[in-house]
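Thanks, everyone, for making the time this morning. Let me put the sequence and the structure up on the screen, and then I will take you through the helices and a few of their side chains.

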Amino acid sequence: ARLANREQLMLYFKTGLMISEKIKAQKWGAKVLDQISADLQKELPGLKGFSSGNLKKIRLFAEAYAPHLVFGSTPSNQIGQAGSGEGFSISSTLLNLIENKAFYEAFTCISFSHHFTIITKIKGWEARIFYLQSAAANFWSLTVLEHHLENNLFGKEGKLPNNFDGTLAENLKPSALKMFKDEYLLD
């Protein structure tokens, strides 16, 4: 399932980049995605996931991640992921926020729907990375992710008044703070 999800995300990313580049270079109009979708259905009957609405989402997905992620098969792009088949690298603007391998694992573990929800509802990269990694680590469903987005978990995490500084050892403080996700909902 992870392999299939990773391949789907890479397909959507590359397709979205191609569409975005063509729209910018050739000054395509809004109806071109409808035409591409119709052509794909005619060429490959029963193909799912490439409606004009989904092509718009795919383009937004690629445009959101394109400045920060590179998927490719050249040796300069590879970070040595075992069994990953494709190279993956992260721009220097995000490297100070994340670790390559941990981010790659989280990025490929969550569905396209999760990614789309995060990029459409969250603008800041620190918050996007937080929700992406949290959703992957905690196996959040889309409904749970939306709940945490609505309740601003990123803004609230670690903000609960506590006496942990004076009572806990340094190595226990981060995990103790994470135990309290929300002041009222201790799920």
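Which hand does the crossing of H2 and H3 have? The crossing of H2 and H3 is right-handed, where right-handed means that the near helix is turned clockwise from the far one by less than a right angle, and left-handed that it is turned anticlockwise.

Before going further, I should say that this is a predicted model, in which local features need pLDDT of at least 70 and side-chain atom pairs count only at pLDDT 80 or more, while totals for chains, interfaces and linings use all residues. Residues are numbered from 1 along each chain as its sequence is written, and side-chain values use heavy atoms, with hydrogens and water left out.

To return to that pair, the axes of H2 (residues 32-43) and H3 come within 8 Å and cross at roughly 115°; axes here are lines fitted to C-alpha atoms, for helices over the stretch in contact, with angles from 0 to 180 degrees between N-to-C directions. Helices themselves are DSSP runs of H or I, at least four residues, numbered from the N terminus. On the H2 side, Leu33, Asp34, Ile36 and Ser37 meet Ser52, Leu55, Lys56 and Arg59 of H3, contact being heavy atoms within 4.5 Å.

Arg59 deserves a longer look. Leaving aside neighbours within four places in sequence, Arg59 is in contact with Gly16, Ile19, Ser20, Ile23 and Leu33, and its C-alpha lies 6.6 Å from that of Leu17, although the two are 42 residues apart in sequence. Arg59 also forms a salt bridge with Glu63, at 3.4 Å from N to O, a salt bridge being a side-chain nitrogen of Lys or Arg within 4 Å of a carboxyl oxygen of Asp or Glu. Both residues lie in H3 (residues 52-65), 4 residues apart, which is about one turn of the helix. Arg59 is partly exposed, because its relative accessible area is 22%, and Glu63 is partly exposed too, at 31%; the cut-offs are under 20% for buried, over 50% for exposed and in between for partly exposed, with a 1.4 Å probe and protein chains only.

The whole structure holds 2 salt bridges, and Glu7 and Arg6 form one of them, with their closest N and O atoms 3.1 Å apart. Arg6 is buried, because its relative accessible area is 7%, whereas Glu7, at 39%, counts as partly exposed.

That brings me to H1. Why does the span of H1 (residues 2-26) agree with expectation? At 1.5 Å a residue, its 25 residues should span 36 Å, and its end C-alpha atoms are 36 Å apart, the expected span being 1.5 Å times one less than the number of residues. Among the buried residues of H1 are Leu9, Met10, Tyr12, Phe13, Gly16 and Ile19. After H1 comes Lys27, whose phi is positive, near 55°.

Finally, the axes of H6 (residues 112-121) and H7 come within 10 Å and cross at roughly 155°, so the two helices are roughly antiparallel, a label for angles over 145 degrees, with under 35 roughly parallel, 65 to 115 roughly perpendicular and the rest oblique. Their crossing is right-handed, and His114, His115, Ile118 and Ile119 in H6 meet Arg128, Tyr131, Leu132 and Ala135 in H7. Also in H7 (residues 125-138) is Ser134, which counts as buried because its relative accessibility is 12%.
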